[in-house]
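Trainee: I would like to practise reading a protein model. Can we go through one together?

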Amino acid sequence: MKSVYIYPTYRPDKDATGNKYIEYFHDAFRRRFYVRELLSQFGIISLFFNIKSDLFIFHWVETIRFKRFGLVQVFVFVVGVSLLKIFEKKIIWVLHNKRSHKGDSKVAFICMKFMARSADIIVTHATEGLRFIEEKFGEQVRRRAFLIPHPVYSQEIFSEGQIEWDLIIWGSIERYKNIVPFLEFVKGNKIMRTKRILICGRCKDNTYLEEIYSILSDNITFVNEFLEEGKLRRYISKSKVILFTYSLDSVLSSGALIYSLNFGKKIIGPNGGAFKDMHPIVDCYDSFENIADIIDIDKKVDISIVKEYINNNTWCDLPEKLLSELFM
């Protein structure tokens, strides 16, 4: 059986984000590969202990700089990938973002550029990712890049509950998601002040949390906690519309967007990245001013289109899609 090393490795004892992507990614490859995870607790250093793998897949290399002893980890990453090239190992890079959500960093971009030159193929979950690759890394790199839509997390279409909120914004509360600018917009917009809005998710940034509390309107319910899946499903099922307010400066694709598909709700998101690709399932806005108009448009969600996406983009099919591009 062929073996694969996936960075970052999935460690259930350490993963407190609630993001299921890397867990599901590992599980998908376990169906046809031996997933090497020796000394995974050492992060990127574990690459050297799993050097016998046949295939190496890297995610979120732009975040290495921001980890503990970031510059040391970047050095280890560059040396490790250089060894893989010397040993003629197969390398796949999955590009999720244009840059780290933590901000611009020359070192982080160097990691991305190095990965772009080193990978046999690059995979992105958004059409905009292909344009980004050509713009930043050149046409030759673009020829090794492929679009594979983000896999879905469930085949089930969840039932709707009794509607309590007009809008829900859910997921971890981080600055790149533009929560404070959106709250400022709501406070100054007569139509939006009439909407019942639920914002739910944990905010670890205490400074940002204070900003949020200082500007909350009476029509907004804010639940500052990590949501177990059952509770999250209840909140979404009781909401009329799912809203994403992400900044397109860094975001290309969104696991939260894909998770939301199964609820059959109207989804509103920024006009770019995977949100734009998902039209007409997703209604896109160019500015917050467009959101009020989109909310009030009486348009039913075409469940047949949602089901088509769900059926065509499963985790079971992901390894085959990746390998077909690698060995085409």
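Mentor: Here are some short questions and answers on this predicted model.

Trainee: In what order do the strands of the open six-stranded sheet lie?

Mentor: The sheet is open, and its strands pair in parallel. From one strand to the next, the twist averages 25 degrees. The order is β9-β8-β7-β10-β11-β12.

Trainee: Which strands stand at the edges of this sheet?

Mentor: Look for strands with a single partner strand. Such a strand has one side without a neighbour in the sheet, so it stands at an edge. The edge strands are β9 (220-223) and β12 (282-285).

Trainee: Which residue in β12 does Ile268 stand opposite?

Mentor: Strand β11 covers residues 266-270. Four bridges join β11 to β12, and the two run parallel. Opposite Ile268 in β12 stands Asp283.

Trainee: Are α1 and α14 roughly parallel or roughly perpendicular to each other?

Mentor: The axes of α1 (residues 21-30) and α14 (residues 318-326) come within 8 Å. They cross at roughly 75 degrees. Angles of 65 to 115 degrees count as roughly perpendicular. Therefore α1 and α14 are roughly perpendicular.

Trainee: How many nonpolar residues does the contact of α1 with α14 have?

Mentor: From α1 come Phe25, Ala28 and Phe29. From α14 come Leu318, Pro319 and Leu322. No polar and no charged residues take part, and the nonpolar count is six.

Trainee: How many residues are in the largest nonpolar core?

Mentor: Phe25, Phe29, Phe58, Trp93 and Trp170 touch the most other members. Trp93 is in contact with Phe58 and Met112, among others. The largest nonpolar core has 87 residues.

Methods: Residues are numbered from 1 along each chain as its sequence is written. This is a predicted model: local features need pLDDT of at least 70, side-chain atom pairs count only at pLDDT 80 or more; totals for chains, interfaces and linings use all residues. Side-chain values use heavy atoms; hydrogens and water are left out. A nonpolar core is a set of buried Ala, Val, Leu, Ile, Met, Phe, Trp, Tyr and Cys residues joined through side-chain atoms within 4.5 Å. Buried means under 20% relative accessible area, exposed over 50%, partly exposed in between (1.4 Å probe, protein chains only). Contact means heavy atoms within 4.5 Å. Two strands pair if DSSP finds at least two bridges between them. Axes are lines fitted to C-alpha atoms, for helices over the stretch in contact, and angles run from 0 to 180 degrees between N-to-C directions. Angles under 35 degrees count as roughly parallel, over 145 as roughly antiparallel, 65 to 115 as roughly perpendicular and the rest as oblique. Ala, Val, Leu, Ile, Met, Phe, Trp, Tyr, Cys and Pro count as nonpolar, Asp, Glu, Lys and Arg as charged, and the others, Gly among them, as polar. Lists of a residue's contacts leave out its neighbours within four places in sequence.
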